[in-house]
Amino acid sequence: MDVSKVLKEALSELEKSNNDDSIQSLRVKYLGKKGLITDLLKSLKDLSVEDKKKFGASVNLAKEELLKKINTHSLEINKKNINEKLSKESIDITFPPPISQLGKLHPISKTYKEVIDIFGNMGFSVAEGPDIETDFNNFTALNIPEDHPAREMQDTFYLNEKDELDKPFVLRTHTSPVQIRTMMNTKPPIKIIAPGRTYRCDSDSTHSPMFHQVEGLLINEDANMGHLKGNLINFCKDFFHINDLKVRFRPSYFPFTEPSAEMDIAYSIVDNKIKLGEGDKWLEILGCGMVNPKVIENCKMDSSKFQGYAFGLGLDRITMLKHGLTDIRSFFNGNNNWLKANGFSLGRI
Ligand code: PHE
């Protein structure tokens, strides 16, 4: 049998094969157990030692060459077929995805929306301020002068650029500067909330360098601590869906409120889980108080005529409490599986 003839035939058949199936049957026809080239190898046993060597070597070379060509041809054919398929298919990127593939709403986004809804129903409108603030708005106007110890507690990130008072810009440490921006630009009565991102040099399972707060500010001529407490209690009942929520207000200190308080909600541990609203343990959720007259004056308003209250609430903290989440960092590491498990369907908000 002529080796080169068999090889030539095989190669010309290969040339004509244009899909996986025909290449596969060609491989079987020539190189399979009963294949033509395999047969040639089998016929070696009838030859003389001398001929075995010569013929054997040429059959092996032919086998190798065919194998190599089959592999490259198969790769080329696959590539060609894929390219042809791609050029025929087009994707309509404006086509809406099936409902089952819709994304999830991040728990913080859900809280954002709920907080705005609840305070919106109480008559608060939404104000906004930038993440990059002046030293004046973030500290000085809020009665936190330079060298005040409260600055140490709110250590933050400073930028190289300086503002018009020659102080470096800061990433705001709380949403309270929005109080200043609003009071400087609006005449009372003022009734706003300001949700947004805030920053501090803190990082562990309950603190993240970037976190979220919502500020509240009400200024009129007769606001008092009772109004503040009533609104905050109503907010918490609504947000946590607990009607007889047990809360307490503890005296506290903030340079920009006087008197100041912190609000705690009661909880207990049942079956290793936090049960909110009752029990003898307390969780702090916000700071609040009557706006310090000094702050009202700093904003060029008459503190003998106007008074009001303010509060600042940690959005990440109340989200963790509401949904039983334990590590604040999981909010921000962008893990899609986590979001699938803890996110909310867009239809249910
Ligand atoms: N800005 C305060 C903080 O971040 C919270 C607060 C806001 C307290 C408004 C009182 C009034 O800790």
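Q: Which residues are closest among those that surround the ligand?
A: This is a predicted model, in which local features need pLDDT of at least 70 and side-chain atom pairs count only at pLDDT 80 or more, whereas totals for chains, interfaces and linings use all residues. Residues are numbered from 1 along each chain as its sequence is written, and side-chain values use heavy atoms, with hydrogens and water left out. The ligand is surrounded by 14 residues, each with a heavy atom within 4 Å of it. The closest of these are His174, Ser176, Arg200, Gln213 and Gly312.

Q: How much of the accessible area of the ligand does the protein cover?
A: Polar contacts (pairs of N or O atoms within 3.5 Å) link the ligand to several side chains: a nitrogen atom of the ligand is 2.9 Å from a polar side-chain atom of His174, and a ligand nitrogen also lies 2.9 Å from a side-chain N or O atom of Ser176. Arg200 places a polar side-chain atom 2.9 Å from an oxygen atom of the ligand. Of the 320 Å² of accessible area (Shrake-Rupley method, 1.4 Å probe) that the ligand has on its own, the share covered by the protein is 92%.

Q: Which strand gives the largest share of the shell around the ligand?
A: The shell divides into five nonpolar, seven polar and two charged residues, where Gly counts as polar. Strands S7 (210-220), S11 (281-291) and S12 (307-314) each supply at least two of its residues, strands being DSSP runs of E with at least two residues and helices runs of H or I with at least four. The largest share, three residues, comes from S12.

Q: Which element gives the largest share of the largest nonpolar core?
A: A nonpolar core joins buried nonpolar residues, Pro not included, through side-chain atoms within 4.5 Å, and the largest one here has 33 residues, with Val115, Phe235, Phe240 and Ile318 making the most contacts inside it. Elements giving two or more residues to this core include helix H5 (107-121), helix H9 (225-240) and helix H11 (315-323). The largest share, six residues, comes from H9.

Q: Is Asn138 buried or exposed?
A: Asn138 is found in helix H6 (residues 135-138), and beyond its neighbours within four places in sequence it is in contact with residues including Arg172, His174 and Pro177, contact meaning heavy atoms within 4.5 Å. Buried means under 20% relative accessible area and exposed over 50%, with partly exposed in between (1.4 Å probe, protein chains only). Because its relative accessibility is 0%, Asn138 counts as buried.

Conventions. Polar contact = N/O pair within 3.5 Å; in protein donor to acceptor, adjacent residues only side chain to side chain.
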